[in-house]
Structures are given as C-alpha cells and as structure tokens.
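This report walks through some features of a protein model, and it is best read with the structure open alongside the text.

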Amino acid sequence: MAAAKKAVLGPLVGAVDQGTSSTRFLVFNSKTAELLSHHQVEIKQEFPREGWVEQDPKEILQSVYECIEKTCEKLGQLNIDISNIKAIGVSNQRETTVVWDKLTGEPLYNAVVWLDLRTQSTVENLSKRIPGNNNFVKSKTGLPLSTYFSAVKLRWLLDNVRTVQKAVEENRALFGTIDSWLIWSLTGGINGGVHCTDVTNASRTMLFNIHSLEWDKELCEFFGIPKEILPNVRSSSEIYGLMKAGALEGVPISGCLGDQSAALVGQMCFQDGQAKNTYGTGCFLLCNTGRKCVFSEHGLLTTVAYKLGRDKPVYYALEGSVAIAGAVIRWLRDNLGIIKSSEEIEKLAKEVGTSYGCYFVPAFSGLYAPYWEPSARGIICGLTQFTNKCHIAFAALEAVCFQTREILDAMNRDCGIPLSHLQVDGGMTSNKILMQLQADILYIPVVKPSMPETTALGAAMAAGAAEGVGVWSLEPEDLSAVTMERFEPQINAEESEIRYSTWKKAVMKSIGWVTTQSPESGIP
C-alpha cells in the first residue's frame, strides 16, 4: 500500500515562504495544487532603538533549513517519498536588506527590515537632490522616495557601518534582499553560491529600472551604490541553481518571487484588472495591470508583478502598501500583553462586537499608501472610561479593514473600474470576524480561498513551471479550480460610511506627530 501511495502522487514542488514574522516550508502536489505538508518557525524581530527593526540573517537561513528538514520528516511519516520533490520556489519579505562577505559567508550587519525607519534623514537629504519637475526616481522605479525601499537602507549601511564600508572597498561585499541571501546560501554560499534576484524583488530596491528591466546607472550613482555588489537579475521562473545541502540536496531552485507577487500568482490573478489583498505583517493590495506600467495618481506604487520565464513577457501591477496589519496583533501580544496568542484577538473582539467609538491608527512606521507620511505615529483615540481591552482589540481589527478600504478606494480611482469583490489571503484571513468586518467596511463581498497559503503556492507554481522542470502547467485550462469562502456585507451602507469618515478623522490626528527626526548616530 505504501509503495502504491508513493507512486500515485506524481511530482511535488516545495516552497520556502520567508516572511517578516515567520519562515515556512510547504510542499504541494503539482497536479492538484493540494498542500501536503508544511512546517513553520517564528522569526525574532529586534528593535535596538526606537523606529529600528532588524533580524539576524543567519537565524533566517537556519529557520529555512529547519523548516525544510521538519517538513521532509513529516512527509516521511505520511509515506510520501521526498525524491518526488522536483523543484523549490522561494518567496520572501521584500525590501529587507542584507550585506554579507562573499569570502566568509558571514553577514556584515543585521538585516535591516522593510519597516525600519532609521533612514528618515537619509531620505530627507536625498529628496533635496531630486528636481521638482523631474522625479526621475519615481518615473524609473515606480516608487516614492521612502524609508521602505532597499536603496536608502543600503546607503545608510555604507554611511554608518565600518565593516560594510571596508568590505565594499576590499571587493568582498555582496548585497541582496532576503531572496538573494537565501538562494546564494542554499546553492553553496562561499562554494559557488549563485548571487541573483528576480525582477519582482529587484523592482523594490529603488535601483532597478522597471522599463528596461536592469539595474539603472543613474539611480546607482544617485544613491552612491557600487553596481558590483548587486545580484544578477533573472526572471521569476527559471533554474537558478541546485540545493547543495540537507534532505533536498540536488533539487533545483527554480522559482523566485517577492511575497506579494507570489500571492498574486497563487491567487491566479493573471488577467489585467484582477486583484488580491494579502493580510500578513502588513497589508498589500495588488492589481495586475497587464504588460503596461500604470502610474498612480492616488499614492499607489507601480511595481513588477512577475515574469514567468526568461523569454516570457513582464507583467506589472499597481500596489497599495500598508505597513502594519498583523503586526498590530503581534504588538498587542508582545508589547501590551492583552492577548497571549494571535488567535485570541478574535475571542476578545467577539465579546464586545464593536469598538464602541474607539479608533486605533497603527502608524508605527509612519503611514504608507495612500499617504506616504513618515511623520505619522500610532494613536488610539475616542477612549472613555467605558473602553476596555476588548474594544481596543476590536479597533485593531477595524484598523486593518479601514486601511484596506483606503488603498482599495485609491485603486478604484486609478483603474476607473471599481472591484466588484476582493480576493484575500494571508495568515490573518483565518479570523472570521476580521473577514466579516472587511466586507462590511468595503461594502463588497470578500472572497477567500479555502487554502490560505497562496504566497507559497505562487512560488511553487513559478518553480514547477520553470523550463527544465516543467511539472506545473500555468495554462488557464490546467489550473485547478479553487474552493472559496464568501463574506457578504451585513451592515447598511450609511453606517459603513460614517465609520469610515471617523477613521479618516483619526488618521489626520496621527499625521505630523514627529516634527524633527532624532539625529541618526553612526555605529562603530
């Protein structure tokens, strides 16, 4: 029986999903897209100073190895032969910046996470050098100058960290976002590791020209970044190299997508106008705009959606980025201690069923889309003696929904055709109260796939479809139908509008909080 079962499954594909708060490894059946097994490890975030967010690149790499080994053990217990795993895809938190020594394989500093704010004065100084009538940074990259993107983090490291400066001078330094650090390490590291990234991750560095699809000389000069330290840019679906260690040694790594692009692929949003919203540490709404770059008039980013093969066309997306979604739940758990686990928030919110006029704007890292307001900070307002932790928990969930409505409104204005429903995914979507609230606040149905791991699925699809692997067909007629759960709006439209306009009032109160940035100090 066991042998028969092994034979039935056919080719499998693994996916590394390295997110901001955790790492996962998942294995899918390439013919049915069914999730067979997975393992997850939470990642430590370090906050050495106010506004600083760091992670240890070695801990991240270790967590990837651990998740792969544990998942392979679980597959063994299910009588599934791991030699059926034909390819591995990588999806990752984007923008997070790592610089390492190519001779020792050691990181030269902690990873500076996308949420990190230490580069605010770097941003202010750089923005003075962009002519008002010619924002060449935005027209080439699709991005506003912000602490969010890698180039300013890399600039900060070059300005402030001596070990990084020295390694660059001695031609020992390599830069990469998390995908590059992982692929280089997994394909051998100091012994022939492949230093590459894909177009989606490259498009988040602010050094990449999204029209010509290459590192841009003018941008590298503007940020003062030596081109030699940058990874080679490849498509999102091709064989980059082979695993050099562990249970899956010899398996090709053949898919690479930034996590939000991976979710777009995993939700099968291959048509112009299809969109998805992912609820992770932050919240990211992406709308496929086809083969054309659409520039937003309403605070959204223009970004590369995917390029699924060396000779395949590139697709673009409009993106609404919200910095803090799931992170607000983690904050209630770790900083305030009002819940012991993230799942508990649903119970607290359910007890009251309303925020009772309490509004929570979690602008911990300033506000991203559609405001791009670095001066904002988090506020909880509308408090009375009646307010308790349940109301604050409810307000935190509402905040995620209101922020989504703001980016959805911007998306509808940019696209001209309002979305008739919202496709959602990500860890937080298992919270039914959140999903119902989201439908109520958007006033359109919210549709969620029964298998919520769409980010990993997207990376697996890209890996399985790569030339030389060919175990996953992306032809529309071959894509398996996905079962969906629907949440319909249940409140009246007027109440929805009143709550939304009060939220906007709260947002205005959070803006302009930080007037002068505290001086950044160098690090020995």
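## Stacked aromatic rings

In this predicted model, Tyr306 is buried, because its relative accessible area is 3%, which is under the 20% limit used for that term. Tyr315 also counts as buried, with a relative accessibility of 18%. A pair of aromatic rings is described by the distance of the centres and the angle of the planes. For Tyr306 and Tyr315 the ring centres are 5.1 Å apart and the planes stand at 20°, so this pair is stacked.

Phe402 and Trp503 form another stacked aromatic pair, with 5.2 Å from centre to centre and 20° between the planes. This pair links distant parts of the chain, since Phe402 belongs to helix 13 (residues 389–415) and Trp503 to helix 16 (residues 493–510), and the two are 101 residues apart. Both Phe402 and Trp503 are buried.

## A ring cluster and charges over rings

Ring pairs also join Trp114, Tyr148, Phe149, Phe284, Tyr368 and Trp372 into a cluster. One member of this cluster, Phe284, has Arg94 lying over its face, at 5.2 Å from the ring centre. In a further case, the charged end of Arg118 sits over the ring of Trp156, 4.7 Å from the centre of that ring.

## The six-stranded sheet

An open sheet of 6 strands, with mixed pairing, follows the order 3-2-1-5-14-13. Strand 3 and strand 13 (237–242) stand at its edges, and each has a single partner strand, so one side of each is left without a neighbour in the sheet. From one strand to the next, the twist averages 25°.

Within this sheet, strand 5 (residues 85–92) and strand 14 (residues 252–258) run parallel and are joined by 5 bridges, and Gly89 has Gly255 in strand 14 as its bridge partner. Helix 10 (residues 259–266) lies across strand 5 and strand 14, running at about 100° to strand 14.

The edge strand 3 (residues 35–42) contains His39, which is buried, with a relative accessible area of 15%. Beyond its neighbours within four places in sequence, His39 is in contact with Thr23, Arg24, Phe25, Glu66, Cys67, Lys70, Thr71 and Lys74.

## An enclosed helix

Of the 11 residues of helix 14 (residues 432–442), 10 are buried, so this helix is largely enclosed by the rest of the structure. The buried residues include Ile433, Leu437 and Leu442. At the N-terminal end, Asn431 caps helix 14, with a side-chain oxygen 3.1 Å from the backbone nitrogen of Ile433, while the helix is followed by Tyr443, whose phi is positive, near 60°.

Conventions. Residues numbered from 1 in each chain as written. Predicted model: local features only at pLDDT ≥ 70, side-chain atom pairs only at ≥ 80, totals over all residues. Heavy atoms only, no water. Buried < 20%, exposed > 50% of the residue type's maximum accessible area, 1.4 Å probe, protein only. Helix = DSSP H or I, 4+ residues; strand = E, 2+ residues; numbered from the N terminus. Polar contact = N/O pair within 3.5 Å; in protein donor to acceptor, adjacent residues only side chain to side chain. Contact = heavy atoms within 4.5 Å. Pairing = 2+ DSSP bridges. Axes fitted to C-alpha atoms, helices over the stretch in contact; angles between N-to-C directions. Phe/Tyr/Trp six-rings, centres within 6.5 Å; stacked < 30°, edge-to-face > 60°. Lys NZ or Arg CZ within 6 Å of the ring centre and 35° of its normal.
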